[in-house]
Amino acid sequence: MRPTLLGLVLFLLFACGDASTTVEQTDGLPAAKSASHKPMIKPLQLRTYQGSLLGKWAEESRQIRTFQGIPYARPPVAELRWQPPQAPPVWTEVRHAMEPGPACWQAWNSEYFVWERGKFPRSEDCLYLNIWSAADAAEHPVMVWFHGGGHTVGMAHEQIFDGTELAKQGVVVVTVNYRLGPFGFLAHPALAAQSSHNSAGNYGLLDKIAALNWVRDNISQFGGNPDNVTIFGQSAGSQSVCSLMVSPLARGLFHKAIGQSASCVSPLPTADSNGFRRGQRLAAELGPEQTVSALRAATAEQVLAAADRSNWAEQSRIVTDGWVLPDSQDALYASGQQAQVPLLLGWLSNEGHLLFPGSAEISEKELEAFAFQLAGAELGPQLLDLYRAHAKVSPTLAQQEIKTDLFMAYGMRRWADHHAHAELPTYVYYMDHDTPAFRLYWPDNADLQLPQGPRSAGAYHSGDLAYMFGNTRRVGMGWKDQDHALAAMMVRYWTNFAKRGDPNGEGLPQWQAYDGQNRATLLLKPDAHTVAGVQRDVLDLWDQRFNTD
């Protein structure tokens, strides 16, 4: 999405102003001066194609600044609901960029382990991004973050995603809000019929592509290099990274990719891959008239309630729409159609801990039937043997672990194998470090009492976020010196990779590149080191089951 003509004219007018004019004082911020009385551009006021922005210091002593709540597309409301994102607005006055925009419309979740958020402002007008950079940044690598939350919840401006510590390492950090749940991923035949591409769904992916276009056109004003962009994300954000790598619409908008704790190539149901059946069920809950105008007439509350009643989110929110994704992601990777960029990815040792809704208690016989259904009569007994220790505790726990490993661990290794098979730089990690559990997204109510102590959940899903953003001193509780040291290590690995496509650097444990034979995997822990793959017995079994090399 290129800048509008009006935006370009405004940019040129700003850029070609009288060079002898001193920047005026704004909101109590003193105008910049020098000994020779030559004008200086204030580091907190920048010009973009849309207009001027006034930011604030994230950490003034280190000259790290932040600009928040920047619109990268028009509000997707009224007639723009369930439309691809439109070109962003322009303005003539200086726009304050000191506070984030609202979260995208989503349900307020109830008590849900570390992911509980409480209540917060939410709106369909939510396509905003936030930026952190050093005041003297010039041609710095750019890291664009996509948050997790199952593509149904979450927001880019959580405190745990504060980009200050990453920016200190010489990168520019961008965090992006994108449409969620049915607002971002509803697919319906009526919506497809209205599309010039005969496409419906994946609006949340289109939002991310629009944000990347905005970054390409504007990030140099913040000291970033538009030709050195890394996309990174966790959980649903990682699934988005995985999907953008095979979307022709995102080609050339990024140059490296990082995926954390979810892929888009796990073995998934193929029925309703375009999402139309689920979309029609949701629409039926809103009323008998399944037209675009009727869908848009519903309130946000009504849309969410209809999604809940119709079990709309039972399958992947991302769909094969024929435009954003011309085929299934797995097929596109298998044919080598992914972006030819370096990839870093990995997962944690206890991903399934309280992540997925608990299953009803099952018996040993029901566990056996489940294993045979998944792995077949030949491999079913082997699968049961691999999870026998869990089965002795509870057949239900064994079933939960099987589901988690198939979706998470196997999906991530399958992604790595696809990329390594294409002879592209690939680095894989496995975080095996018990982290303190706290409410990640509720800083004012962070304390989470676990019966067996704050680290009894192990390396749980999302437990890597505070480390990777370097925010172990900013959020949570119960941190130890080894946690801070691990966070410093991960920050350097991630930013090194963003700079040159290789996470290694002076003073860091060597991270060996991954290939389909060595399956080299970095164990992320205080004494980090590389091993020849993890969970190989069960993951090799899944390879046999799904006939991959």
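## Glutamate 158

Glutamate 158 sits in the loop that runs between β9 (140-146) and α2 (164-167). The model is a predicted one. The relative accessible area of glutamate 158 is 7%, so the residue counts as buried, the cut-off being under 20%.

Leaving aside residues up to four places away in sequence, glutamate 158 touches Arg117 and Tyr441. With arginine 117 there is also a polar contact between the two side chains, at 2.9 Å.

## Strand β11 and its pairing with β9

The loop of glutamate 158 follows on from β9 (140-146) in the stretch leading to α2 (164-167). Strand β9 itself is joined to β11 by six bridges, and the two strands run parallel. One residue pair shows the register: valine 142 has valine 229 of β11 as its bridge partner.

Strand β11 covers residues 224-234. Of its eleven residues, nine are buried, and the strand is thus mostly covered.

## From β11 to β12

β11 also pairs with strand β12, which spans residues 256-260. This pairing is parallel and has five bridges. Here isoleucine 231 is matched with alanine 257, its bridge partner in β12.

Which elements make a β-α-β unit with β11? They are helix α6, residues 236-244, and β12, and the unit is right-handed. Strand β11 therefore has parallel bridges to β9 and to β12, with nine of its residues buried, as buried means under 20% relative accessible area.

Definitions and conventions
Residues are numbered from 1 along each chain as its sequence is written. This is a predicted model: local features need pLDDT of at least 70, side-chain atom pairs count only at pLDDT 80 or more; totals for chains, interfaces and linings use all residues. Side-chain values use heavy atoms; hydrogens and water are left out. Helices (H or I, at least four residues) and strands (E, at least two) are DSSP runs, numbered from the N terminus. Buried means under 20% relative accessible area, exposed over 50%, partly exposed in between (1.4 Å probe, protein chains only). A polar contact is a pair of N or O atoms within 3.5 Å; within protein, one must be able to donate a hydrogen and the other to accept it, and residues adjacent in sequence count only if both atoms are side-chain atoms. Contact means heavy atoms within 4.5 Å. Two strands pair if DSSP finds at least two bridges between them. A crossover is right-handed if, with the strands pointing away from the viewer, the path from the first strand over the helix to the second runs clockwise.
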